[in-house]
Amino acid sequence: MNLNKYLPLTETTFYVLLALLEPGHGYVVMTKVEELSKGSVRIAAGTIYGIIENLLTLKMIKSVPSTDKRRKIYQTTSDGLEVMALEIDRLTKLTALAVKMKEAIK
Amino acid sequence: MKKLKVFVDMDKEEMFLNEMAMKGYQLTRYPHMGSYVFEQKENKKLNYRVDYQLFTKKSDFDNYITLFEDAGWKHVFGTTYTGSQYFLPLDQGQTKDIYSDSESKAKRHDRLSKGYIKRMSLLPMYSIVLLMSADYNLLNLFTFNKPVIDDQGVILVGTLLTQMLLLIIKISPLVLIILMLFVNGRRSYKAKMIYKKSIKNESRL
């Protein structure tokens, strides 16, 4: 499958994939994203629910067995990892260019 | 207290619920489309938030509600099939929203638009049953079973009235189907327009 068509990822989607490298439920993702972004990215409940549903449909995350009946647990899949690698590659190139151009812009 | 009202625009619905709370009426139930049930309480400034989600599995619904509860929301009303889900912040002074970006917020109207179509999923079946009952010709619904004029050409008023009543009963399912198609179709279109408008308003580079 060509995952390039999903690029660029939105900031929130990237954070969710990152947070789910280790299995966790929805609220864990919310707090982890806040932590990882040092408070600069806060995702509300309705928004995170939509992102999770969307990533599940795209099979970038999967539902893993949960002992808690009321909280589903998710984890990033190999497709999810692959799309993250592509995004990191894209961002790295862009950042390198941006750093190089910084002087010219000033 | 009951109030009959239908909102396609969920922002307006939130405002309506907040205004009702200001007047001392708090939402308790929304048992079916367009019928709000309120409980009289003290006048209060509340921050209602409306989401639209349909669920096929109870476990999915529980997972959704629990996520909102974990994030500080009280689920006021909503079932797996009503679609509209009503929330209040657990910490009542909060003015926060259940969405943190306009794109995901806009999508609830897209789901609502599709929800109106889903609501008509039984219509094809109803239509087939209706068509079968009319011997595969809808015009048959519009006929009298008995002659209403006697041999001398005199109108039999009694028979005419009962036959007309029967006719109304016979065609009522057809009228209902057409009405449902029209009403749901229109609301679905309206919701789609709200969705498209809010997507367009987003100025992204």
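**Figure 1. The open sheet of chain B.** In this predicted model, chain B holds an open sheet of 3 strands, ordered β4-β6-β5 and paired in the antiparallel sense. Its edge strands are β4 (49-52) and β5 (73-77), each of which pairs on one side only. If you follow the sheet from strand to strand, neighbours are turned by 35° against each other on average, with direction ignored. Take a closer look at β5(B) and β6(B), the latter covering residues 84-89: 4 bridges hold this antiparallel pair. Here B:H75 has B:F87 in β6(B) as its bridge partner. As a reminder, strands of a sheet pair through backbone hydrogen bonds, either parallel or antiparallel.

**Figure 2. Two helices of chain B packed together.** This view brings in α3(B), residues 102-118, and α5(B), residues 157-200, whose axes lie 8 Å apart at an angle of about 165°. An angle over 145 degrees counts as roughly antiparallel, and α3(B) and α5(B) are therefore roughly antiparallel to each other. Their crossing is left-handed. On the α3(B) side, the residues to look for include B:A106, B:H109, B:L112 and B:Y116; among those they meet in α5(B) are B:R187, B:A191, B:Y195 and B:I199. Sorted by class, this contact between α3(B) and α5(B) comprises 8 nonpolar, 6 polar and 3 charged residues. For this part of the complex, it is handy to know that chain B averages a pLDDT of 92, with 98% of the residues at 70 or above.

**Figure 3. The open sheet of chain A.** Before zooming in, it helps to know the layout: chain A has 4 helices and 3 strands, and reads α-β-α-α-β-β-α along the sequence. Its C-alpha atoms fill a box of roughly 55 × 35 × 20 Å along the principal axes. The view itself shows an open sheet of 3 strands in the order β1-β3-β2, with antiparallel pairing. β1 (24-25) and β2 (61-64) of chain A each have a single partner strand, so one side of each has no neighbour in the sheet. Between β1(A) and β3(A), residues 73-76, there are 2 bridges, and the two strands run antiparallel. To find your way around this pair, start at A:G24, which stands opposite A:Y74 in β3(A).

**Figure 4. A crossing of two helices in chain A.** Here α2(A) and α3(A) cross at roughly 110°, their axes coming within 10 Å. Angles of 65 to 115 degrees count as roughly perpendicular, and these two helices, α2(A) and α3(A), are therefore roughly perpendicular to each other. The crossing of α2(A) and α3(A) is right-handed. Three residues of α2(A), namely A:G26, A:V29 and A:M30, meet A:I48, A:Y49 and A:I52 of α3(A). By class, the contact residues are 5 nonpolar and 1 polar, with no charged ones.

**Figure 5. Where chain A touches chain B.** In this last view, 14 residues of chain A are in contact with 17 residues of chain B. On the chain A side, the elements giving two or more residues are α2 (26-36) and α3 (45-57). The largest share, 5 residues, comes from α3(A). This side of chain A divides into 6 nonpolar, 4 polar and 4 charged residues. For the complex, the predictor gives an ipTM of 0.92 and a pTM of 0.89.

How values were computed
Residues numbered from 1 in each chain as written. Chains lettered and ligands numbered in written order. Predicted model: local features only at pLDDT ≥ 70, side-chain atom pairs only at ≥ 80, totals over all residues. Axes fitted to C-alpha atoms, helices over the stretch in contact; angles between N-to-C directions. Parallel < 35°, antiparallel > 145°, perpendicular 65-115°, else oblique. Left-handed = near helix turned anticlockwise from the far one by under 90°. Contact = placed C-beta atoms within 7 Å. Nonpolar A, V, L, I, M, F, W, Y, C, P; charged D, E, K, R; others polar. Pairing = 2+ DSSP bridges. pLDDT = per-residue confidence, 0-100.
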